Amino acid sequence: MKIAIHDRPGSFSDAWIEYCKRNNFPFKIVNAYSSDIIDQLYDCNILMWHHHHGNYRDTLFAKQLLYSLQISGKKVFPDFNTGWHFDDKVGQKYMLEAIGAPLVSSYVFYDKKEALDWVKKTSFPKVFKLRGGAGAANVKLLRSKSDARYVINKSFGRGISQFNKWNNLKEKWIRYRRGRDGFLEVLKGIGRIFINTEFGKMRSPEKGYVYFQDFIPGRKVDYRLQFVGKRCWAMIRKVRENDFRASGSDNMIFDKNQIPNQMLDIAYDIVDKLSLQSAAFDFLIDDNSNILLIEISYGFGVDKEIREGEIFVDEFAHGYWDENKLWHDEVFDPQVWMIQNIINQN
């Protein structure tokens with residue numbers, strides 16, 4: 001058995017490569033962007049690629065390449081079940097509704113008139129989302145019918161860019177104030193107001209649909225449950241200051257006793273029903289104690305140091321639940337679990 005790894009520094013591939021070297025496991029680094037990638041894989045049984053929604057090349061063909069290899073009989077990470085819905089909130093709506101998951105009430109329209117008619121009847125605020133974009137990108141709170149009509153007209157007109165220059169600058173400023181980035185990153189954000197990113201230039205504006213979710217007011221936190229196979233770890237994310245979003249807040253609480261058992265059961269059930277290799281679930285709890293799922297992803301951040309209160313901590317040092325939901329109070333490495341799981345996969 002031999003593993004092929006597409007190397008992207010700063011991604012899951014760092015740990016995968018280190019694992020193979022440390023354990024003398026046969027592997028080779030390949031370039032998934034090469035036209036001859038299929039030939040490069042002739043002597044490999046597995047391809048592992050941590051593809052990213054922020055790389056326009058990845059969004060063009062990563063899923064298609066991985067699924068083609070899976071059909072041919074090779075093992076891949078992420079596989080079809082795990083990855084087809086990645087960075088596709090509209091696709092997730094259908095998938096999660098189909099399996100009876102407790103998704104926040106969501107609405108999608110492919111006709112401008114139908115969308116405008118719905119606006120006349122529904123209540124506000126509502127949350128507007130593009131189908132792609134993680135870390136709270138491309139998510140906007142619409143406070144009125146006029147706000148909704150504006151995004152509908154734009155979505156069925158010139159479209160909406162997947163790269164929001166002003167949001168990008170805002171995010172860099174927030175990270176700078178928290179000590180996560182230097183001021184150089186803020187300057188880069190200012191530069192992006194005038195010079196577009198490669199992603200922004202290459203990706204077409206999103207148009208021809210609109211996607212909304214109900215807004216659940218008054219939330220101070222949300223819940224992030226992350227899986228590799230049937231092992232799970234969790235954190236509570238504080239909502240950003242003067243914002244309604246917790247994603248990207250980088251301010252966490254690690255306390256397994258604050259994770260409701262019902263939420264854990266729901267997440268394990270979805271992982272089982274969808275046969276997911278890995279997953280990250282974002283949940284919240286409404287005023288009636290209903291547990292609601294916001295969205296999912298196959299991946300999660302690889303930066304071990306995240307903020308808990310006023311200090312930075314290792315995300316992977318707070319323990320996890322195993323496949324039997326038994327707690328292990330120990331440090332772990334989820335990227336290692338990924339490669340071990342695929343090696344042992346039948």
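**Strand pairing and helix packing**

Let's start with one residue pair: Ile3 has Ile46 of strand 3 as its bridge partner. That match belongs to the parallel pairing of strand 1 (residues 3-6) with strand 3 (residues 46-48), which runs over three bridges. Keep in mind that this is a predicted model. From here, the picture widens to the sheet and then to two helix pairs.

**The sheet**
- Four strands make up an open sheet, paired in parallel and ordered 2-1-3-4.
- Strand 2 (27-30) and strand 4 (75-77) sit at the edges with a single partner strand each, so one side of each has no neighbour in the sheet.
- Going from one strand to the next, the twist averages 20 degrees.
- Helix 3 (residues 56-72) lies across strand 3 and strand 4, at about 155 degrees to strand 4.

**Helix 1 with helix 12**
- Helix 1 (residues 13-22) packs on helix 12 (residues 334-344) at about 65 degrees, and their axes are 8 Å apart.
- The crossing of these two is right-handed.
- Helix 1 brings Ala15, Trp16, Tyr19, Cys20 and Arg22 to the contact, while helix 12 brings Gln335, Val336, Met338, Ile339, Gln340 and Ile343.
- Sorted by class, that contact has eight nonpolar, two polar and one charged residue.

**Helix 6 with helix 7**
- Helix 6 (residues 112-121) and helix 7 (residues 145-155) pack at about 170 degrees with axes 10 Å apart, and are therefore roughly antiparallel.
- On the helix 6 side the contact uses Lys112, Ala115, Leu116, Val119, Lys120 and Lys121; on the helix 7 side, Lys145, Ala148, Arg149, Ile152 and Asn153.
- Here the split is five nonpolar, one polar and five charged residues.

Definitions and conventions:
Residues numbered from 1 in each chain as written. Predicted model: local features only at pLDDT ≥ 70, side-chain atom pairs only at ≥ 80, totals over all residues. Heavy atoms only, no water. Axes fitted to C-alpha atoms, helices over the stretch in contact; angles between N-to-C directions. Left-handed = near helix turned anticlockwise from the far one by under 90°. Contact = heavy atoms within 4.5 Å. Nonpolar A, V, L, I, M, F, W, Y, C, P; charged D, E, K, R; others polar. Parallel < 35°, antiparallel > 145°, perpendicular 65-115°, else oblique. Pairing = 2+ DSSP bridges.
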